[in-house]
Amino acid sequence: MQPYFLSLLIFSPLLGILVLSFISKEQEKAIKWLGVLATLPSLCLSLFAFWQYQNGYDVSQLTEKRSWIRFGEFPFLRETDFTVAYELHVDGFALVMIVLTTILATLAALASISIQKEWKGYFQLFLLLEIGMLGVFAASNLVLFFIFFELTLIPMFFLIGKWGYFEKEKAAYSYLIYNGLGSAVLLIVIAILFARTGTANIAELRHILTDPIAQMQTISPISDDLRYGLFIALLVAFGVKLPIVPLHRWMLRVHVQAPPSVVMLHAGVLLKIGAFGLVRIALGLFPGQFQQFSTWLIVLGVVNLLYGAFLAFRQTDFKMVLAYSSVSHMGIVLIGLGSLNEAGIQGAIFQAVSHGFIAAFLFFFVGIMYERTRTTTLARLGGMAKTMPYASGFILAGAMASLGLPGTSGFISEFTAFVGAFQAEPLLAAIGTLGIIMTAVYLLRAVLRITFGQTTVTNVHDLRGIEWVPAISLLLFIVIIGVYPNVLAMPLQTTIETMMNGLGG
């Protein structure tokens, strides 16, 4: 592959932003289709890279490095100290997340066809958001990671605040404040590590922080107390993004107030940046501290799982049911990571990818229901099985996947994560299984009320035209992962082995 392959993959949506700049804002149809088409180059490139990997290509060769920033000249230091390069690199884990991002971006762009106003600005911000998400997963140094991480905040703020629902401004500011504070904590960690080691490269930092000999050669030693403090700071920074209870309130507002097409990316990808950061940075750089905190991480996961499941059962709005469901399902990610064994870590990553597809799938149908009925209240959506039988069938399939029906991605991810949890902490794992039972209860309650409750929805269209593409595509990915989990397990194997080696396993 070409040496600039990753840059092309990440920044190809920029071409769409530029082309849209020269189109009149009154040309609605042209803007919408250009917005969709602009996501296709990244999708094609990511699928090509994944296909090449499946055929034996060494994905670690996808690397870019160019000189970028030099912080002063210090004759007593190495030439590479206090320099930040433009560095991109992917392994199997990053490649899987990039493929997830490009697939959901294209399908969310198709779902954005229903946006009713200012389409030009919407799709330009949408494409900018995609650039930020792709960059986060491909960055191989912390400074570049942080820049792309911050780049996702700006378009999301405007997408929520401009195109959201009744309390959109409140949701947008809540999103910005919470995630901004998380970013500030992350920036402090990056600054301390850069000052103490002279490098921001993630691979170099992992070597320095896990090799006692390399640690002795750093600019300034990093004590055990400082390591623990940095690890806690990373847990807070990425815990806001995941989110971890009680840092979750902002996410509920976003799920309810943002346009469903935007929530498809928020629930499907942006929340997963928290899981990616915990695996790549927190676990990768501080495996010892991760081990010491592992039991508490499982406890936090069980709290997330049970708290989200219980409150989802209490909701009367389908968007709130799915919002608390996301909180609950992210608890499974924490449980798997806290297990610190191969099954648990694999299950956590599986859950991140699986929930990405399932959440996007369900919120796609939330958008369809709201467009047809102007409501997402459960009591006002009864009898959809009669008026929208195809949509009702898809919603039921999404709910089955979310509660872990065998043959779907939800089953294999939850099963693998809990296998790891029972190996590590059987009692906490047993308590956590109550959340799985509650998931079946609240999802079936909500879906059956929508589809087979008293008929309140009449004279509405079922799925039509382009809406079939996201519906069938997302369900297909959910089933493929459930039936053939090796499609994810193989790319993740090297990453998991690296994590286990860092843990001494």
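# A guided tour of the model

Begin by selecting Thr495, which touches Asp91, Gly92, Phe93 and Arg280 when residues up to four places away in sequence are not counted, a contact being heavy atoms within 4.5 Å. What you have open is a predicted model, in which local features need pLDDT of at least 70 and side-chain atom pairs count only at pLDDT 80 or more, while totals for chains, interfaces and linings use all residues. Residues are numbered from 1 along each chain as its sequence is written, and side-chain values use heavy atoms, with hydrogens and water left out.

Stay with Thr495 for a moment: its place is in helix α24 (residues 486-502), where helices (H or I, at least four residues) and strands (E, at least two) are DSSP runs numbered from the N terminus. Thr495 has a relative accessible area of 4% and is therefore buried, a word that stands for under 20% relative accessible area, with exposed for over 50% and partly exposed for what lies in between (1.4 Å probe, protein chains only).

Next select Ser354, which is found in helix α18 (residues 342-373). Ser354 is also buried, at a relative accessible area of 2%, and, leaving aside residues up to four places away in sequence, Ser354 touches Ser409, Gly410 and Ser413.

## The aromatic rings

Now colour the aromatic side chains, among which the structure holds 27 aromatic pairs; rings of Phe, Tyr and Trp (its six-membered ring) pair if their centres lie within 6.5 Å, and planes under 30 degrees apart count as stacked, over 60 as edge-to-face and the rest as tilted. One of these pairs is formed by Tyr390 and Trp468, which meet edge-to-face at 5.3 Å centre to centre, with 65 degrees between the planes. This pair links distant parts of the chain, since Tyr390 belongs to helix α20 (residues 389-402) and Trp468 to helix α23 (residues 468-483), 78 residues apart. Tyr390 counts as exposed at 53% relative accessibility, whereas Trp468 is partly exposed, with a relative accessible area of 27%.

Keep Trp468 selected and add Phe394: these two form another edge-to-face pair, 6.0 Å centre to centre and with 75 degrees between the planes. Phe394 lies in helix α20 and Trp468 in helix α23, so this pair ties together parts that are 74 residues apart in sequence. Phe394 counts as buried, at 12% relative accessibility. To see the wider group, select Phe361, Phe364, Phe365, Tyr390, Phe394 and Trp468 together, which ring pairs link into a cluster.

## The surface patch

Move on to Phe313, Leu427, Ile431, Leu434, Ile437 and Val441, which form a nonpolar patch on the surface, with about 530 Å² of accessible area together. Helix α22 (residues 426-452) gives the most to this patch, with five residues, while Phe313 lies in helix α16 (residues 294-314) and counts as partly exposed at 31% relative accessibility.

Patches are made of residues with over 30% relative accessible area and no salt bridge, joining like charges within 9 Å and nonpolar side chains (Val, Leu, Ile, Met, Phe, Trp, Tyr) within 5 Å. A salt bridge is a side-chain nitrogen of Lys or Arg within 4 Å of a carboxyl oxygen of Asp or Glu, and accessible areas come from the Shrake-Rupley method with a 1.4 Å probe, where for residues only the protein chains shown count as cover.

## Last stop

Finally, select Gly121, in helix α6 (residues 119-138), and then Lys168, which is 47 residues away in sequence and 17 Å away in space, C-alpha to C-alpha. Gly121 counts as partly exposed, at 26% relative accessibility.
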